[in-house]
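The following note is offered to a colleague who meets this structure for the first time. The points are numbered for ease of reply.

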Amino acid sequence: MPRDRLSPALARRVALAAQGLGRPTAAPGSTSVGTRQLTGLVDRLGLLQIDSVNVFERSHHLPVFARLGQYDRDALDRLVFAPRGRFVEYWAHEAAILPVATWPLMRWRMRYHDGRWRADEGSWLSTKPEMARWLLDEIREKGPLPASLVEHDADLFPSPTRTGPWWGWGDVKRGLEALFRVGSLVSAGRRRFERVYALPDQVLPDAVLGVEVDRADAHRQLVAHAARASGVATASDLADYWRLKAVDVVPALRELHDAGVVRPVTVDGWTSPAWLHAEARLPRRLDADALLSPFDPVVWHRPRAERLFGFRYRIEIYTPQAKRVHGYYVLPVLQDDQLVARVDLKSDRQAGVLRVQASWRERDLPVDVERLAALLGRAAAWQGLDGVEVVPRGDLAAALGSAVEASGSVAGSGSGSVAGAGSGSGAVLD
């Protein structure tokens with residue numbers, strides 16, 4: 001029977017199931033995750049957010065590990081960064097990988113940026129038209145190029161690189177990014193994680209280049225995808241998924257409701273109306289163990305994370321060390337349908353150790369430290385590391401350190417499993 005009211009627990013399970021969490025994951029050594037599974041997951045989520053920080057692992061790799069378990073990161077990169085493949089980059093949520101078929105749905109955003117910047121007399125596109133033409137001609141003549149190679153040929157427009165505004169980018173990088181935003185350039189994969197720029201007709205198929213989608217239709221399709229990937233969500237949640245404006249989301253939701261794609265529901269404790277996707281599963285229980293990236297769709301919209309899980313999340317990468325509360329690169333820990341802890345992780349590749357630099361309980365929620373220790377062991381194996389080391393910082397560190405030690409042998413013992421946190425305090429010191 002249709003449900004008009006969801007409990008908070010059911011809303012959590014609906015949201016997590018829609019994200020592909022709570023399914024069996026591949027164990028260390030497994031080869032069960034291939035191209036079909038990777039492609040299916042990116043299609044389900046709609047996008048993978050990209051971020052350059054890799055103190056533990058790059059952000060686009062982490063949602064896949066959380067949902068599929070052990071997989072080959074290089075295989076994912078070959079898939080999503082192929083120059084003429086099924087995926088392309090654009091500013092969809094933030095910088096993100098998305099299916100090539102979604103690219104036409106972003107054209108309204110490209111046109112918006114183009115019109116806004118050309119109307120601004122101080123913008124790069126307004127002040128550097130000759131250089132914009134030169135950049136496009138350079139890539140037309142030489143083919144797809146990263147910014148570092150374009151800069152070598154930029155003698156006609158000399159400027160110091162890595163200086164000045166825009167995060168220290170030189171004019172070449174600023175120009176390439178501006179042209180990328182307005183759709184004059186697209187991504188042609190990455191080389192050593194540096195974006196490669198191309199003209200659209202150099203990498204995108206004619207079937208995609210020929211698709212024209214008006215703003216209203218694009219928003220309807222984007223909101224429909226966000227609703228399916230969210231399971232149950234408020235209008236603001238759906239807007240944030242693709243960074244849309246409420247003025248466009250509200251009419252799209254009305255049309256999707258009329259078409260039977262979503263229906264309004266009430267979630268106990270939520271102050272805003274919610275929308276349930278017609279295909280959403282309503283699980284009675286959900287068994288999940290996952291480490292969530294700060295840029296995972298489950299938690300990237302902080303008000304939604306707080307509303308769903310009571311989890312107040314602030315990334316502290318840019319906070320001075322002395323002012324950090326939980327750590328540098330802190331990942332929420334999902335057990336079943338709750339975020340029960342948070343861990344600050346670092347892959348020390350030189351030492352061959354996954355270091356838990358801090359570990360914290362979340363409010364008064366129970367934490368199964370044995371399950372968490374096993375999950376960290378799987379994460380270390382996936383990273384190609386010898387074990388796990390728990391640093392004695394945080395109110396979960398002692399218990400987690402003991403559980404890590406009990407779950408496997410100490411790093412360097414030769415067993416190649418989970419490195420323990422020494423005896424006594426349940427933690428090892430460097």
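1. Helices and strands are here DSSP runs, of at least four residues for a helix (H or I) and at least two for a strand (E), numbered from the N terminus. Helix α10 is one such run, and just after α10 Gly183 takes a positive phi of about 85 degrees. The model is predicted, and it should be read as such.

2. As to the overall fold, the secondary structure of the chain comes to 18 helices and 15 strands. The C-alpha atoms fill a box of roughly 70 × 55 × 40 Å along the principal axes. A compact globule of 430 residues would have a radius of gyration near 22 Å, and the value of 23 Å for the chain therefore agrees with that expectation.

3. On packing, 55% of the 430 residues are buried. Among contacts with a separation of 6 or more, 64% are made by residues 24 or more positions apart.

4. The accessible surface of the chain is about 19000 Å², and carbon and sulfur atoms account for 51% of that area. The chain carries 56 positive and 52 negative side chains; the centres of these two sets lie 3 Å apart.

5. Helix α10 spans residues 171–181 and is mostly covered, with ten of its eleven residues buried. The buried residues of α10 include the charged-type names Asp171, Lys173, Arg174 and Glu177, together with Val172, Gly175, Leu176, Ala178, Leu179 and Phe180.

6. The aromatic side chains deserve a separate remark. A pair of aromatic rings is described by the distance of the centres and the angle of the planes. The count for this chain comes to seven aromatic pairs. In one of them, Tyr241 and Trp300 meet edge-to-face, at 5.2 Å centre to centre and with 65 degrees between the planes. Tyr241 belongs to helix α14 (residues 235–241), whereas Trp300 lies in the loop between β11 (289–291) and α16 (302–309), so the pair ties together parts that are 59 residues apart in sequence. Both Tyr241 and Trp300 are buried.

7. Phe311 and Tyr313 form another edge-to-face aromatic pair, with 5.5 Å centre to centre and 65 degrees between the planes. Are Phe311 and Tyr313 buried or exposed? Both of these residues are buried.

8. Finally, which residues form one aromatic cluster with Phe65? They are Tyr71 and Trp382.

Terms used: Residues numbered from 1 in each chain as written. Predicted model: local features only at pLDDT ≥ 70, side-chain atom pairs only at ≥ 80, totals over all residues. Heavy atoms only, no water. Rg over C-alpha atoms; globule rule 2.2 N^0.38 Å. Buried < 20%, exposed > 50% of the residue type's maximum accessible area, 1.4 Å probe, protein only. Contact = heavy atoms within 4.5 Å. Areas by Shrake-Rupley, 256 points an atom, 1.4 Å probe, with all protein chains shown as cover. Charge placed at Lys NZ, Arg CZ, Asp CG, Glu CD. Phe/Tyr/Trp six-rings, centres within 6.5 Å; stacked < 30°, edge-to-face > 60°.
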